[in-house]
Protein chains: 2
Amino acid sequence: MSIRNIPGGVTAARGFSASSCEAGIKYPNRKDMAMVFADVPCAVAGTFTSNRVKAAPVLWNMDIVKKGEPVRAVVVNTGIANAGTGEAGMRLCRETAAHAARVLDIPAGSVLLGSTGVIGPNLPLDRMNAGISVLAKSLSKTAEAATSASVAIMTTDTVNKETAVAFDLPSASGEGTVTVHLGGMSKGSGMIHPNMCTMLAYLTTDCAIDRGLLQKALRAVVADTFNMITVDGDTSTNDTLLVLSSALAENRLITAEDDSYRLFCQALFTVCRELAVRMAGDGEGATHLIETRVIHADTKENARALARSVVGSSLVKAMIYGKDANCGRVLCALGYAGPDFDPERLTIDLQGEKDSLCFYRDGCVQTFDEEKALALLSEHDIHLLCDMNMGREEATAWGCDLTYDYVKINGDYRT
Amino acid sequence: MSIRNIPGGVTAARGFSASSCEAGIKYPNRKDMAMVFADVPCAVAGTFTSNRVKAAPVLWNMDIVKKGEPVRAVVVNTGIANAGTGEAGMRLCRETAAHAARVLDIPAGSVLLGSTGVIGPNLPLDRMNAGISVLAKSLSKTAEAATSASVAIMTTDTVNKETAVAFDLPSASGEGTVTVHLGGMSKGSGMIHPNMCTMLAYLTTDCAIDRGLLQKALRAVVADTFNMITVDGDTSTNDTLLVLSSALAENRLITAEDDSYRLFCQALFTVCRELAVRMAGDGEGATHLIETRVIHADTKENARALARSVVGSSLVKAMIYGKDANCGRVLCALGYAGPDFDPERLTIDLQGEKDSLCFYRDGCVQTFDEEKALALLSEHDIHLLCDMNMGREEATAWGCDLTYDYVKINGDYRT
C-alpha cells in the first residue's frame with residue numbers, strides 16, 4: 001500500500017509543468033531542450049559531480065543550491081555540455097538564466113540550468129534563448145509533456161527514463177492523510193560511474209519538507225542508488241541531480257526525522273533506484289543489465305566497494321557480453337576492490353529468474369553445468385550474489401556489459 | 001656510455017640458463033612451460049599482486065622471498081592460472097616444486113613457481129611434472145633459449161617481451177671495472193592495471209648486491225614502471241615480478257646506497273620500463289600505445305594518479321582507437337583522478353613525432369586543425385602532455401586503446 005508506482009514523471013507532482021522543443025543546438029530534427037516549471041517557489045536540494053573540472057551549469061546550480069533561495073525553473077539542453085568553456089561558459093549561464101527569468105517573469109536566481117553533450121564547444125546563445133522562449137510558451141502539466149521533456153534531454157540514451165510514485169502522509173490540517181507525489185526524469189548512458197550523483201536527473205515533489213531534510217534525504221538515497229551504478233568508470237564534468245519541492249500536497253510539513261520523513265526517504269529511494277537502474281541497463285552499447293548484490297560484508301562501505309568493483313570490471317563486463325561463465329573474473333574483481341576478506345569464506349552465485357548455480361565456494365571455483373550457465377547468462381538481467389560471510393552489511397550495484405557498440409559509440413562520439 | 005642495451009633476455013646475465021617445452025597444459029601445439037635456472041644460489045627480490053585473492057604460486061613465492069633463502073630455479077606455465085583452487089592448488093605447488101628439485105638436484109625451497117591463464121581449473125600434475133623433466137634436460141645459456149622461454153609464457157600476448165642491458169661497476173678485486181648484466185622477460189596483455197607489480201616478469205642479473213638493497217631497488221623502480229601501466233583496470237590474482245641475482249659478475253658487492261647502487265637502479269629502471277611499455281602497447285586488442293606525461297604537479301603521487309587516470313579512462317581509450325580528437329575526455333579523466341588542481345592553469349597538448357597541438361588552455365578547450373589532429377592520432381604511439389602548472393613533480397603512465405578486439409578476446413576468453 002504505502003508507496004505506489006504511478007504513471008508520469010516530472011509533472012506527476014502538483015504544481016509542475018514541463019515542455020520541450022527543437023532548438024537546433026547541435027543536431028537537426030530532434031528535440032534538444034527541455035524546461036521544468038513550478039507554479040510556486042520551491043525548496044531545492046542537489047548533488048553534483050565530484051569531478052575537479054565542473055561544467056559551467058554545475059557551478060551555476062551549486063551556487064543557487066548553496067544559497068538556499070527558492071527556485072522556479074530548470075532549463076536543460078543536450079548536444080553541447082558547456083564544459084571546458086571557461087568564463088564564456090559562465091557568461092552563457094548568466095545570459096540564458098536572465099532570458100528565462102524575463103520570459104517566465106521570475107527571478108534569474110531561481111532558474112537552474114543543465115547541459116549535456118560534447119565538452120569544449122560554446123553553446124549558441126541565440127538558439128538557446130529562442131528555445132527558451134518556445135519552452136516558456138508551451139509548458140503543460142500533462143504526462144505527455146513530461147515524457148517529451150525526458151526524451152529531449154537524451155544523448156546516446158536509447159530509451160527515455162522517467163518514473164513516479166505516490167504515497168500518503170498526515171495532512172497539514174490534522175485531519176486524515178493526503179496523497180503526496182514524487183516523480184522524475186534522468187538521462188545518462190556513457191561517462192557513468194559511482195562517486196557522485198550520476199548524470200542529469202531532475203525530480204519534482206509536492207511533499208512539504210524542510211529544505212535541510214530534503215538535502216539530507218537526497219544525500220542518503222544517492223549513496224545507494226545513483227552512486228551504485230557504473231557504465232565505464234568515467235565521472236562526467238556535468239553530473240547533476242536536483243529535486244524540487246512545491247509543497248502543494250498540503251501534507252503536514254516534515255521538520256524532523258519521523259515516520260513521515262522515513263516514508264519520504266523510501267519513496268525517494270524507489271524513484272532514484274528506478275532511474276539509476278534504467279540508466280545502468282541503458283549503458284552505451286549494453287545488451288545486459290548486471291546487478292551485483294554483496295551480502296554479509298563487515299561494513300556498509302566495504303559492501304558498496306565490493307559490489308561496485310564487480311560491475312565496474314571490464315573483464316566481467318566483457319565476459320557477460322560473451323555469455324562466458326568465467327567466474328574467475330568476478331573473483332578477481334572482488335579481490336582488487338580494496339576491502340580485506342577471506343577467499344575461503346566467500347561464495348559467489350549466479351542467479352537467474354528461476355534457477356541459479358554456484359560459481360565459487362570454499363576457496364575453489366566450482367564445476368558447473370555449462371549449458372545451465374549459458375541459459376542463465378542469456379537472460380537480459382544478470383544477477384550475481386556475493387556472500388562474504390563476514391558480517392551483516394549489504395549493498396547492490398548495477399552496471400552493464402561491455403560490447404563492440406560501446407567502442408563504436410565512443411570511438412567516434414563527436415561526429 | 002653507462003647503460004647499454006644488449007641483445008638477449010633472461011640468459012644475458014652470467015650463470016643463467018633457460019628452456020621451454022610443449023607440456024600440453026591446456027592448448028595443443030604450443031610451448032606452454034618455461035624454466036629459468038641458476039648455476040649458483042641466487043639472492044631474490046619480488047613484488048606480488050595486491051589482489052586479496054592470490055593464486056597458489058603467488059603464495060608459494062611470497063613465502064620463499066620472505067624467508068630470504070637463496071633460490072635456484074623458476075618454473076612457469078601458461079594456460080591455467082592455478083588461482084581459485086584452494087588447498088588443491090597449494091598441494092600442486094608443493095608437488096611440482098618437489099619434482100623440479102629432484103630432477104635439478106636442488107632444494108625444493110629454492111624453486112619459484114609462476115602460472116598464468118584461466119582462473120579456476122586445477123593444473124594437471126602429471127603433465128606439469130613431465131614438462132619439468134623435459135625443461136631440466138634442455139636448459140641452455142643461449143639467447144635463443146631465453147627468447148623461446150619468453151614465447152612460452154605468453155597468453156593473449158601478440159609478441160614476446162624480453163630485454164637486457166649491460167653496465168660497468170667497480171670490480172671485487174679493486175682493480176678497474178667489470179661488466180654487469182641485467183635482463184628479463186615478461187608477459188601480460190589483459191588484467192593489467194597499476195597498484196602492484198604487473199603480470200609475470202622475471203629478471204636475472206649477475207650483479208653482486210645485498211638482498212635487502214635488491215628488494216629496495218625493485219620496489220622503487222616498480223612504482224614508476226610496472227605500476228604505471230594499465231590495459232583494463234583489472235588487477236590479476238597472479239601478478240609476480242621476480243629478480244634473481246647470481247653475483248657472478250665479480251663486481252664489488254653493493255652494500256650501501258652509493259653510486260654503484262644508483263647505477264644498478266638506473267639499469268633496473270631501464271629494463272622494467274622497457275618491459276612495462278611493451279606490455280602496455282601489446283594490451284589485448286590494442287592498436288595504439290598511449291603515453292601520458294604529467295608535469296609540474298604538486299606531489300609525485302598526484303602526478304602518478306593523474307597520469308594513470310588518463311591512460312585508464314575507457315572514454316580516452318575508445319577515442320584514441322577512433323582517432324577522434326575529443327579533448328574533453330582527457331580533461332574529464334584528469335578531473336576525476338582524485339588530486340585537486342585548478343582547471344584554469346592546466347594545459348593539455350597532443351604531441352606527435354614531429355608536430356604537436358594544444359588541446360586545452362586557460363580553462364578552455366582550444367580550437368585546432370582537425371586534419372592535423374587526425375594525423376597525430378594516426379601515429380601508433382600517442383603522447384599526451386598534461387602541464388598542471390602547480391609544482392615540480394612529474395610522472396608518466398602507459399596504456400593502450402580500447403578496441404572491438406578487446407571485447408572479442410574477453411567475451412570468449414575460456415574457449
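This passage walks through the domains, sheets and helix packing of a predicted model.

Chain A is a good place to start. It splits into domain 1, covering 4-280, and domain 2, covering 289-411. Taken over C-alpha atoms, the centres of domain 1 of chain A and domain 2 of chain A are 32 Å apart.

Next comes a sheet in chain A. Six strands make up an open sheet with mixed pairing, and their order is β13-β12-β11-β14-β10-β15 (chain A). The edges belong to β13 (364-365) and β15 (393-400) of chain A; each has a single partner strand, so one side of each is left without a neighbour in the sheet. Inside the order, strand β11 (residues 347-351) of chain A pairs with strand β12 (residues 356-361) of chain A in the antiparallel sense, over four bridges. Within that pairing, Gln351(A) sits opposite Ser356(A) in β12(A). A helix also comes into play here: α7 (residues 300-312) of chain A lies across β10 (289-297), β14 (381-387) and β15 of chain A. Its run makes about 20° with β15(A).

Chain B has an open sheet too, with six strands in the order β13-β12-β11-β14-β10-β15 (chain B) and mixed pairing. Here the edge strands are β13 (364-365) and β15 (393-400) of chain B, and each pairs on one side only. Strand β12 (residues 356-361) of chain B meets β13(B) in the antiparallel sense, with two bridges between them. Across that pairing, Arg361(B) faces Cys364(B) in β13(B). Packed on this sheet is helix α9 (residues 327-335) of chain B, which touches β11 (347-351), β12, β13 and β14 (381-387) of chain B. The direction of α9 makes about 55° with that of β12(B).

Now for helices packing on helices. Such a pair is described by the angle between the two axes and the distance between them. In chain A, helix α1 (residues 56-67) and helix α2 (residues 86-104) pack at an angle of about 55°, and their axes are 8 Å apart. α1(A) and α2(A) are therefore oblique to each other, and their crossing is right-handed. On the α1(A) side, the contact is made by Ala56(A), Pro57(A), Leu59(A) and Trp60(A). These meet Gly89(A), Met90(A), Leu92(A) and Cys93(A) in α2(A). Sorted by class, the contact of α1(A) with α2(A) has seven nonpolar residues, one polar and no charged.

Over in chain B, the axes of helix α1 (residues 56-67) and α2(B) come within 8 Å and cross at roughly 55°. That angle makes α1(B) and α2(B) oblique to each other. The crossing of α1(B) past α2(B) is right-handed. Ala56(B), Pro57(B), Leu59(B) and Trp60(B) from α1(B) come up against Gly89(B), Met90(B), Leu92(B) and Cys93(B) from α2(B). The tally for the contact of α1(B) with α2(B) is seven nonpolar, one polar and no charged residues.

Helix α2 (residues 86-104) of chain B also packs with helix α3 (residues 125-137) of chain B, at an angle of about 25° and with the axes 9 Å apart. An angle under 35 degrees counts as roughly parallel, and α2(B) is thus roughly parallel to α3(B). The way α2(B) passes α3(B) is a right-handed crossing. From α2(B), the contact draws on Leu92(B), Glu95(B), Thr96(B), His99(B), Ala100(B), Val103(B) and Leu104(B). Across from them in α3(B) are Leu125(B), Met128(B), Asn129(B), Ile132(B), Ser133(B) and Ala136(B). The contact of α2(B) with α3(B) breaks down into eight nonpolar, four polar and one charged residues. Leu92(B) turns up in the contact with α1(B) and also in the contact with α3(B).

Note on methods: Residues are numbered from 1 along each chain as its sequence is written. Chains are lettered from A and ligands numbered from 1 in the order in which they are written. This is a predicted model: local features need pLDDT of at least 70, side-chain atom pairs count only at pLDDT 80 or more; totals for chains, interfaces and linings use all residues. Domain bounds come from an automatic or database domain assignment. Two strands pair if DSSP finds at least two bridges between them. Two residues are in contact if their C-beta atoms, placed from the backbone, lie within 7 Å. Axes are lines fitted to C-alpha atoms, for helices over the stretch in contact, and angles run from 0 to 180 degrees between N-to-C directions. Angles under 35 degrees count as roughly parallel, over 145 as roughly antiparallel, 65 to 115 as roughly perpendicular and the rest as oblique. A crossing is left-handed if the near helix is turned anticlockwise from the far one by less than a right angle, and right-handed if clockwise. Ala, Val, Leu, Ile, Met, Phe, Trp, Tyr, Cys and Pro count as nonpolar, Asp, Glu, Lys and Arg as charged, and the others, Gly among them, as polar.
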